[in-house]
Amino acid sequence: MDPMIGVSRSDMLAGLERDGLDPGTLDAGTNLLLHVVYDYLPDPPVSPTATLSLAGASWVPDGVDRISCLPDVVLRDIISRLPAKDAARTAALASRWRPLWRSVPLTLVDSHLLPDGGARGQLVIGAPSPRAVTAAVSRVLAAHPGPFRCVHLTRTTMEEHRGEMSRWLDILVAKGVQELIFVNRPWPIDLRLPATLFSCSTLTRLYLGVWRLPDTAAVPRGARFPNLKELGLCFCVMEDRDLAFMLERSPVLEFLVLMGSQTGVRLRLVSQSLRCLQLGFTCLEDIEVVDAPRLERLFQRDTDVTEGDTATIKIGRAPNLRVLGYLQPGEQELEVCVAGSKEKIALSVQILAIEVRFGVRSAVKKVPGFLRCFPNLETLHVQSRIDEEPNGKVNLKFWQEGGPMKCVVQSIKKVFFYEFQGLRSEVAFLKFIAERGRVLEQMVVVVASECFSSGDNVNAKLKPLISAKWSNKACKVELFKSPLDNVGGPAYCHEIASDFEVADPFDLNYYYEAERISL
């Protein structure tokens, strides 16, 4: 459990001082936390900084107001594209506009009510809570009859405004809101979210940040989210039953984001509608995909496993799972248990991403077992991670004598290898793929930038791969110098991950702008 849960800011500061640490690190850490949370939030559909170009506009010399003559449906569409403050101001344009803003589903973004329209980004922890913004939110919510198209409330320290917070949720439930982004600015970091939210049946998108979820055991049985398609839980405190409750009561949910959980994640996935699951910055315990017939993508990023423990990912009924990663052989166990089949394989997975500690023999030895689970794999992404001193070598003989891997021989067409360090175990793995991959069409190797700064002979390290006896002589090999420094993990974009128009969400193409390596 996170040591900050249930602890006040004053107690945390006192504890830092007792330990001889700089109290300023608390606010710095909390600001970083909020930065990550805000990065995962969907962008508002309107912007206060949007510009209108009047160049080439045809001015009418008689001064007739022709815009006000447009049909109501057009004027409402214009107002719906404005921030709340500007939408309300249209009532002063002419009598024709006066009643219109109240009849339009409103978009309210609290950061747009700041003097700079939120241009300077998040508010710094420790700064006074913007009471004028909080008051303005209350006035807008009370004045507009609803429904609300989209509401972003992310700039208020909710502990200081508990009364307003409860009234906001009551109003949104009563008047209806489609998209709600609701973030508590610490402290505390585990403020209890009012259970009123579970009565909001109009929601189609919901993101919650830095809350403790309500005790779902006390939520009325009839509470549900019948229209909710996208759910994001960012740095929230929750029990296993709370997450199960949210999934059970969201019958059309398609996108689920769990980011930065304050407690360990033990997910038992049963959903007839979910298509995409993203896990990021979580303390991972176990994930079990029990029954998810529409699940197509499962992502995990920067997940932590308690030292000495091994997390387990179990894949049961997921017949449409196409994209999976980043799995971590050696730190996670993978179990594929398909009902009615004796073979422990996932036939549907075509794109797999793995993060491998090539300097750790025990981790590398787990890779073949992972690959055997995916006999129809077409694209493999490998992130090399060297975060400790190598403790064992894995040579080409290990791969050659390790038994058949059907996907390597028969189905893998593309291999992307990121942050190549030049270790013998890395070269052995790539050489094995090259010499066994009958249908391999493309191999991309991105060499870590530190290999160049350390004065290593990069060409010498890559030569054994290039001189290998390639099974497919026509395979295209591309070598790049990594444009990234101090790589902390795989390159990843959560927006692209959930964009089904992008066929391979792991291939971000960032390396194509980098320097090519010629041998």
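**Aromatic pairs in a predicted model**

Visitor: Which residues does UniProt list for "domain: F-box"?
Guide: This is a predicted model, in which local features need pLDDT of at least 70, side-chain atom pairs count only at pLDDT 80 or more, and totals for chains, interfaces and linings use all residues. Residues are numbered from 1 along each chain as its sequence is written, and side-chain values use heavy atoms, leaving out hydrogens and water. The UniProt entry is unreviewed, and for "domain: F-box" it lists residues 67–106.

Visitor: How many aromatic pairs does the rule count?
Guide: Rings of Phe, Tyr and Trp (its six-membered ring) pair if their centres lie within 6.5 Å; planes under 30 degrees apart count as stacked, over 60 as edge-to-face and the rest as tilted. By this rule the count is 22.

Visitor: How many residues apart in sequence are the parts that Tyr-326 and Phe-506 tie together?
Guide: The pair is edge-to-face, with 5.3 Å centre to centre and 75° between the planes. Tyr-326 lies in strand 12 (residues 323–327; strands are DSSP E runs of at least two residues, numbered from the N terminus). Phe-506 is in the segment after helix 15 (494–497; helices are H or I runs of at least four), so the parts tied together are apart by 180 residues.

Visitor: Are Phe-480 and Tyr-511 buried or exposed?
Guide: Buried means under 20% relative accessible area and exposed over 50%, with partly exposed in between (1.4 Å probe, protein chains only). By that cut-off, Phe-480 and Tyr-511 are both buried.

Key
UniProt positions are given in the numbering used here, feature names are shortened, and annotations may be inferred rather than shown by experiment.
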